[in-house]
Amino acid sequence: MPSLHNRRILLIDDTPSIHEDFRKILMPPVEQNPALDELESTLFGATAAPLAQPFELDSAYGGQEGLQQLCSAMQHDRPYALAFVDMRMPQGWDGAQTIEELWKVDPDLQVVVCTAYSDYSWEELLSRLKAHDRLLILKKPFDNIEVQQMANTLATKWDMARRANLKTIHLEQLVEQRNQALQLEIDERKQLQSQLIQSEKLASLGQMAAGVAHEINNPVGFVSSNLGTLDGYFKQLQRMLDAYQQAQEALPPGACIEQLNALRKDLDLDFLKEDIPILIRESKDGIARVTQIVKDLKNFSRVDNDENWQWANLQHGIDSTLNIVASELKHKADVIKHYQPLPDIECLASQINQVVMNLVINAAQAMGSERGTITLSNGVEGDQVWLEVADNGCGIAPHSLQKIFDPFFTTKPVGEGTGLGLSLSYGIVKKHHGEISVRSEVGTGTTFRVVLPIRQTAA
Ligand SMILES: Nc1ncnc2c1ncn2[C@@H]1O[C@H](COP(=O)(O)OP(=O)(O)OP(=O)(O)O)[C@@H](O)[C@H]1O
Ligand SMILES: [Mg+2]
């Protein structure tokens, strides 16, 4: 970075004696005076420009040569504070053209026009160069003091402009930093807002689900009980039918046996006897499934009151859950455990197990034809414990990622997934004042992370 004190001057004049004169005026031999130096640093501090700092004068004897020197100075990041330019130079560019060319390279260059007489009037020159604030005029023959004063004034002006420029850059950097901080805050707020919307959405869906579950519960109850009764009745009917059949075999030939046999064939009685129990069993399975969904919905909407808060060990819960789902996992994935010692946590243990079960089953279901790996890790962080269930399954597409906690969102075939597992889990974790989050990449795998407080303060 160039210094804040610039005393570099470019003199462009085709008369060699002018260069001699300028050198004498602007670069007089400096006499060392330590007392003066001390006074300067007391007055202006270490960074201030010393009062008698000498000028550095570069000479060019024509416009083109001057331009070359300016270009080289700019390339080396050593700009000139000002240039004295002779107006009348018969060989090559005249003063006006030289200044135009100089300003193409350094638009901020301050220029003093040196002129005895000119082909232009001052007004013409100003209007041609359109830069009143960077142009001064010095009439020949010039006065030494005037030259010194001009050089000093313009060099000081350059220094001040540079300082102002640096200040602006500093301010811009500050503004940029503030903007970044603000942007960060806005992003955080947006995220919070979307989390809020998600939990509100789930809360209202929960209420609706509670209503639906309540309404469905009664009919499901009597259908289920009627199916049980029907099953019993049919078994009795079947016994009766068998008895009739035996009685029929004992009848003398001719006595309506033909008729009975024809009817039996017509009604396909043998098939009915086989098929009715199957239909009843399937209906019972179906109704059991509906009962389970209603139960899940109630859980999700937290209408169940049998809440038993207790201090339980998360790892024991995970292990017993793994035992329950072992048969589901057996053919799909290996389970790796990265456990750390955990303190007991205050929780609804059976519901936490439910969460673990949903996550592990989802992980197993995400595996393709190849056997995969499910990694269970946990640990403690401050007054919270965390659990991660990671799989190397199919992953979740970005557009699904926002919906996986919504009730009934499933990508599984009809009959295989109700889409309630994660929304239930979300509700349970929230009830524990915890967080559930997910990271996933299609083709690589998915990691669910559950964070739970060790102690339920408000519970
Ligand atoms: N580990 C995972 N890998 C890939 N996709 C997953 C994973 N976990 C959840 N998903 C996606 O999220 C959807 C919702 O999961 P959720 O557990 O809520 O319902 P489900 O598994 O489809 O049905 P249910 O759990 O009710 O039987 C799934 O259908 C699946 O698309
Ligand atoms: Mg599931």
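## Touring the largest pocket and ligand 1

Start with the largest pocket, which has a volume of about 960 Å³. Keep in mind that this is a predicted model.

**Pocket lining.** Select the 36 residues that line the largest pocket. Those closest to its centre are Asn362, Gln365, Lys412, Gly417 and Gly421. Now colour by element. Two or more lining residues come from each of α8 (269–300), α11, β10 (384–391), α13 and β12. Which element gives the largest share of this lining? Select α11: eight lining residues belong to it. Next, colour the lining by class. You should get 16 nonpolar, 14 polar and six charged residues.

**Ligand 1.** Show ligand 1 next. Ligand 1 sits in the largest pocket. Three elements each give two or more residues to the shell around ligand 1: α11 (349–365), α13 (421–431) and β12 (445–453). Highlight α11 again, since this helix comes up in both selections. With three residues, α11 provides the largest share of the shell, just as α11 provides the largest share of the pocket lining.

**The shell.** Select the 21 residues that surround ligand 1. The closest are Asn362, Thr410, Thr411, Lys412 and Thr418. Asn362 and Lys412 were also among the residues closest to the pocket centre. By class, the shell divides into nine nonpolar, ten polar and two charged residues.

**Backbone contacts.** Switch on backbone atoms for three residues. Where do they meet ligand 1?

- Leu422: a backbone N or O atom is 2.8 Å from an oxygen atom of ligand 1.
- Gly419: a backbone N or O atom lies 3.0 Å from an oxygen atom of ligand 1.
- Gly421: a polar backbone atom is 3.2 Å from an oxygen atom of ligand 1.

Finish with a surface view. Taken alone, ligand 1 exposes 600 Å². The protein buries 91% of that.

Key. Residues are numbered from 1 along each chain as its sequence is written. Chains are lettered from A and ligands numbered from 1 in the order in which they are written. This is a predicted model: local features need pLDDT of at least 70, side-chain atom pairs count only at pLDDT 80 or more; totals for chains, interfaces and linings use all residues. Side-chain values use heavy atoms; hydrogens and water are left out. A residue is near a molecule or strand if one of its heavy atoms lies within 4 Å of it. A polar contact is a pair of N or O atoms within 3.5 Å; within protein, one must be able to donate a hydrogen and the other to accept it, and residues adjacent in sequence count only if both atoms are side-chain atoms. Accessible areas come from the Shrake-Rupley method with a 1.4 Å probe; for residues, only the protein chains shown count as cover. On a 1 Å grid over the protein atoms alone, a cavity is a set of points where a 1.4 Å probe fits but cannot get out, and a pocket is an open set with protein on both sides within 12 Å along at least five of seven lines; lining residues have an atom within 4 Å of a point. A molecule sits in a cavity or pocket if more than half of its atoms lie within 2 Å of its grid points. Helices (H or I, at least four residues) and strands (E, at least two) are DSSP runs, numbered from the N terminus. Ala, Val, Leu, Ile, Met, Phe, Trp, Tyr, Cys and Pro count as nonpolar, Asp, Glu, Lys and Arg as charged, and the others, Gly among them, as polar. Grid points are joined across faces, edges and corners, and a volume is the space filled by probe spheres set on the points.
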